[in-house]
Structures are given as structure tokens and as C-alpha cells.
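Got the viewer open? Grab your mouse and let's take a walk around, one selection at a time.

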Amino acid sequence: MIQTVILDKNQKPTKEQLKQIEDAAKREIVFDEDSPELTPEMEEAFRLAAKNRNTHKKMGVS
């Protein structure tokens, strides 16, 4: 189950939310056909795409 929580800039997560995050961090990742494990090549392509996106954000390019 996915939960979405929107925090404003100055809001702190509750103890319950922190516990949920800690519990989720302890779980193993389960890969399936909709969310397969990435190959090293796919990871590199993803990393480069994010880097390119972030570079454009810093420059104010859409």
C-alpha cells in the first residue's frame, strides 16, 4: 500500500509517520514484471537522465 503525505515547508513528520518510514526501510524490495530489477546499464541511463534533468533545472531550462 502506498500512502502519500503532503508536508508544508515547516511541518515535521509525526512519530507514527517516522515509524512507518523506519519499518518500510527494513523491508526487502520485491521486484516483479511491472517493476523489474534494473540492470547496470539501466541504472546508468537513469542516473544520467536525472543528472541531465537536474542540470536543466539549475539553468532554468524547461
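Start by selecting Leu38, Met42 and Phe46: together they make a nonpolar surface patch of about 310 Å². A patch here is built from residues with over 30% relative accessible area and no salt bridge, with like charges joined within 9 Å and nonpolar side chains (Val, Leu, Ile, Met, Phe, Trp, Tyr) joined within 5 Å. The areas come from the Shrake-Rupley method with a 1.4 Å probe, and for residues only the protein chains shown count as cover.

A quick word on what you're looking at: this is a predicted model, where local features need pLDDT of at least 70 and side-chain atom pairs count only at pLDDT 80 or more, while totals for chains, interfaces and linings use all residues. Residues are numbered from 1 along each chain as its sequence is written, and side-chain values use heavy atoms, with hydrogens and water left out.

Now keep just Leu38. You'll find Leu38 in the loop between α1 (15-26) and α2 (40-59). Helices are DSSP runs (H or I, at least four residues), numbered from the N terminus. Is Leu38 buried or exposed? Neither, quite: its relative accessible area is 39%, so Leu38 is partly exposed. The labels work like this: buried is under 20%, exposed is over 50%, and partly exposed is in between (1.4 Å probe, protein chains only).

Next, go to helix α1 and show the side chains of Lys19 and Asp23. They meet in a salt bridge, 3.0 Å from N to O. The term means a side-chain nitrogen of Lys or Arg within 4 Å of a carboxyl oxygen of Asp or Glu. Why are these two about one helical turn apart? Because they sit four residues apart in helix α1. Lys19 is partly exposed at 47%, and so is Asp23 at 32%.

How many salt bridges does this rule give? The count comes to two, so hop over to helix α2 for Glu44 and Arg47, whose closest N and O atoms are 2.7 Å apart. This pair is three residues apart, about one turn of the helix. Glu44 is partly exposed at 36%, as is Arg47 at 41%.

Time for some empty space. Select Met1, Gln3, Val5, Leu7, Pro13, Gln17, Gln20, Ile21, Asp23, Ala24 and Arg27, which line the largest pocket. On a 1 Å grid over the protein atoms alone, a pocket is an open set of points with protein on both sides within 12 Å along at least five of seven lines, and lining residues have an atom within 4 Å of a point. The volume of this one is about 390 Å³. Its lining divides into six nonpolar, three polar and two charged residues.

From that lining, pick out Met1, in the segment before α1. Met1 is exposed, at 92%.

Last stop: Met59, in helix α2. Met59 is exposed too, at 60%. Draw a line from its C-alpha to that of Phe31, and you'll span 36 Å.

Notes:
On a 1 Å grid over the protein atoms alone, a cavity is a set of points where a 1.4 Å probe fits but cannot get out, and a pocket is an open set with protein on both sides within 12 Å along at least five of seven lines; lining residues have an atom within 4 Å of a point. Grid points are joined across faces, edges and corners, and a volume is the space filled by probe spheres set on the points. Ala, Val, Leu, Ile, Met, Phe, Trp, Tyr, Cys and Pro count as nonpolar, Asp, Glu, Lys and Arg as charged, and the others, Gly among them, as polar.
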